[in-house]
Amino acid sequence: MSKKGFKIQTLSVYMSTTLVLILMGMMGILLVVADSLSGQIRKNITVSVIIDADTEEENIKKYKERLDKRRYTAESKYISKKDILEEQTIELGADPTEFLGYNPYEPLIELSLHPQYANNDSLAKIEKQLLKDKGVTEVIYHKDLVGAINSNINKIGIALLVLMVLLSIISWSLIGNMVRMSIYSKRFLLHTMKLVGATWGFIRRPFIVQNMWIGALSGLFANIILGSMLYVIATREPAIVTLLDIEHLALVALGTMLFGVTITVLCAFLSVNRFLRMRGNDLYFI
């Protein structure tokens, strides 16, 4: 192969690997966004803790402070009887106290939970614990809604995971073929080196190092392109920034580079071994 042809082939390996890693990175970013979105949805699931109407407001506020310290509480809000009455008066268009003679509503504390507790199993345990607390008369949350939300989130998660696996298989096939083609052109050189007594490790080393750099640089190029795409999207849709966790994005970037290095090195290792196992005559017929 001419020097020009070798350069074109090497460039095609870089481009193909970079494009595949961009797809893998995009899938990783999609998983991060989906996880952040599911977390926000679960965080919006609230539990209403109804307090006995005769409980003093000072005791309710102390109870709220204790609730804030529990591991499942992300946030809490105290709503007094007066606040509820004002809201209901606006909604009903009439003041219930005018015909009842008293405020019929009970104070409550609205709990927002950490995402991992926003499922029916955890909520059932939380409900039992809350009902044992002094002054709590009722615990209200939408069981059907919680079940539907978690079911849909799980389905989306499974679909993304399956897509990730399929994309990994396709990536392995595409990058593997490109690496094998780049080594195929040097199969006779490999055989010659084997004949003069070079060890397999010595023969493999330059190919593994070369493909390690291909994987690392392709991963770097892919991350630069993905970062630029995210920057453009974020400037046009600032709301998307709330769904992008920097730590998780850093893991995606690192994973993209590691995936690129791993797959190119492994493909080079297997391809070189394949040609080294073959007899000289067989190299003409592949």
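Here is a short exchange about a predicted model and its strands, salt bridges and surface patches.

Colleague: What kind of model is this, and how are residues numbered?
Modeller: This is a predicted model, where local features need pLDDT of at least 70, side-chain atom pairs count only at pLDDT 80 or more, and totals for chains, interfaces and linings use all residues. Side-chain values use heavy atoms, with hydrogens and water left out, and residues are numbered from 1 along each chain as its sequence is written.

Colleague: Is strand β3 largely enclosed or open?
Modeller: Strands (E, at least two residues) and helices (H or I, at least four residues) are DSSP runs, numbered from the N terminus. Buried means under 20% relative accessible area, exposed over 50%, and partly exposed in between (1.4 Å probe, protein chains only). Strand β3 covers residues 108-113, and five of its six residues are buried, so the rest of the structure leaves β3 largely enclosed.

Colleague: How many bridges join strand β2 to β3?
Modeller: Two strands pair if DSSP finds at least two bridges between them. Strand β1 (residues 46-51) pairs with β3 in the antiparallel sense over five bridges. Strand β2 (residues 73-79) also runs antiparallel to β3, and the number of bridges joining them is six.

Colleague: Which residue of β3 stands opposite Tyr78?
Modeller: Start from Val49, whose bridge partner in β3 is Ile109. Tyr78 also has a residue opposite in β3, and that is Ile109.

Colleague: How many salt bridges does the structure hold?
Modeller: A salt bridge is a side-chain nitrogen of Lys or Arg within 4 Å of a carboxyl oxygen of Asp or Glu. Among them is the pair Arg70 and Asp133, at 3.0 Å, N to O. The structure's count of salt bridges is four.

Colleague: How far apart along the chain are Arg70 and Asp133?
Modeller: Their side chains meet in a salt bridge. The pair links distant parts of the chain: Arg70 is in the loop between α2 and β2, and Asp133 is in the loop between α5 (120-131) and β4 (136-140), a separation of 63 residues.

Colleague: Are Arg70 and Asp133 buried or exposed?
Modeller: Compare Glu57, which is partly exposed at 41% relative accessible area. Asp68 is partly exposed too, at 34%. Arg70 and Asp133 are both buried.

Colleague: What separates Glu57 and Lys61 in helix α2?
Modeller: Their side chains meet in a salt bridge of 3.7 Å, N to O. Lys61 counts as partly exposed at 42% relative accessibility. The two are four residues apart in helix α2 (residues 57-68), so their separation is about one helical turn.

Colleague: How far apart are the closest N and O atoms of Lys64 and Asp68?
Modeller: Both residues lie in helix α2, four residues apart, about one turn of the helix. They form a salt bridge, and the closest N and O atoms are separated by 3.3 Å.

Colleague: Where does Val165 lie, and is Val165 buried or partly exposed?
Modeller: The place of Val165 is in helix α6 (residues 143-184). At 44% relative accessibility, Val165 counts as partly exposed.

Colleague: What separates the C-alpha atoms of Ser182 and Asp121?
Modeller: Ser182 is found in helix α6. At 15% relative accessibility, Ser182 counts as buried. Asp121 is 61 residues away along the chain, and the C-alpha atoms are separated by 55 Å.
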